Amino acid sequence: MEGAWTARIAGGAAGLANGLFGGGGGMVFLPIQSRWGDLDQRKLYATCVGVIFPVCLVSAAVYVWRGGVSLMTALPYLAGGLIGGWLGGKLYGKISTKSLKWLFAAFLFYAGVRYLL
């Protein structure tokens with residue numbers, strides 16, 4: 001897989017994961033693009049964020065439209081997410097790629113264990 005097909009598959013998988021699970025599109029997008037894409041690691045992480053934002057907006061709009069989410073309930077989480085996103089953006093380029101890979105792997109492991117228990 002190369003180029004445009006890799007991008008379409010990664011984007012489609014990210015959107016599907018987000019729609020089905022309410023999140024996790026980045027956990028699908030990043031490994032696919034990392035394995036078969038042609039972006040260097042720094043651009044890969046930045047592209048992942050750039051892709052996941054609109055994917056999350058679409059998923060959230062569908063959930064709101066179908067009555068599956070209360071905006072008042074989600075508001076505190078949104079505030080925290082905005083602060084965390086801002087902080088992550090400020091740290092972009094200041095953390096080594098190797099550390100980012102380990103942090104991401106640790107997060108995936110933690111999330112997987114929590115999900116199973």
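1. Helices and strands here are DSSP runs, a helix having at least four residues and a strand at least two, numbered from the N terminus. On that basis the protein chain has five helices and zero strands. The model is a predicted one, and what follows should be read as a description of that prediction.

2. Overall layout. Read from start to end, the chain follows the pattern α-α-α-α-α. The C-alpha trace spans about 40 × 30 × 30 Å along its principal axes. The protein chain has 117 residues, of which 15% count as buried.

3. Nonpolar core. Which residues make up the largest nonpolar core? There are nine: A10, A14, F29, L30, I32, L44, Y45, C48 and I52. Helices α1, α2 (25-36) and α3 (41-65) are the elements that give two or more residues to this core. The most comes from α3, with four residues.

4. Cysteines. The structure holds zero disulfides. Why do C48 and C56 not form one? The sulfur of C48 has its closest cysteine sulfur in C56, at 9.6 Å, which is too far for a bond; a disulfide needs the two sulfur atoms within 2.5 Å. Seen from the other side, the closest cysteine sulfur to that of C56 is the one in C48. The two residues also sit in separate accessibility classes: C48 is buried, at 10% relative accessibility, while C56 is partly exposed, with a relative accessible area of 33%. C48 is also one of the nine residues of the core described above.

5. Helix α1 and its contacts in space. This helix covers residues 3-21 and contains A7; G3 also has its place in α1. Are these residues buried or exposed? Neither: A7 is partly exposed, with a relative accessible area of 40%, and G3 is partly exposed at 41%. A7 and G37 are 30 residues apart in sequence, with their C-alpha atoms 7.4 Å apart. For G3 and L39, 36 residues apart along the chain, the C-alpha separation is 9.9 Å.

6. Rings. The structure holds zero aromatic pairs. There is, however, a charge placed over a ring: R8 lies over the face of W5, at 5.3 Å from the ring centre.

7. Helix α4. This helix covers residues 71-91, 21 residues in number. From its first C-alpha to its last it reaches 29 Å, close to the 30 Å expected at 1.5 Å a residue. Where does α4 bend? The bend is at Y77 and amounts to about 30 degrees. Just after α4, G93 takes a positive phi of about 85 degrees.

8. Helix α5. F107 has its place in this helix, which covers residues 97-116. With a relative accessible area of 43%, F107 is partly exposed; the buried class requires a value under 20%, and the exposed class one over 50%. How far apart in space are the C-alpha atoms of F107 and M27? The separation is 9.7 Å, for two residues that are 80 residues apart along the chain.

9. Points to check on the structure above. For the cysteines, look at the 9.6 Å between the sulfur of C48 and that of C56. For the core, start from the four residues given by α3. For α4, look at Y77, where the helix bends, and then at G93, with its positive phi.

How values were computed: Residues are numbered from 1 along each chain as its sequence is written. This is a predicted model: local features need pLDDT of at least 70, side-chain atom pairs count only at pLDDT 80 or more; totals for chains, interfaces and linings use all residues. Side-chain values use heavy atoms; hydrogens and water are left out. The expected span of a helix is 1.5 Å times one less than its number of residues. The bend at a residue is the angle between axes fitted to the seven residues ending there and the seven starting there. Buried means under 20% relative accessible area, exposed over 50%, partly exposed in between (1.4 Å probe, protein chains only). Rings of Phe, Tyr and Trp (its six-membered ring) pair if their centres lie within 6.5 Å; planes under 30 degrees apart count as stacked, over 60 as edge-to-face and the rest as tilted. A charge sits over a ring if NZ of Lys or CZ of Arg is within 6 Å of the ring centre and within 35 degrees of the ring normal. A nonpolar core is a set of buried Ala, Val, Leu, Ile, Met, Phe, Trp, Tyr and Cys residues joined through side-chain atoms within 4.5 Å.
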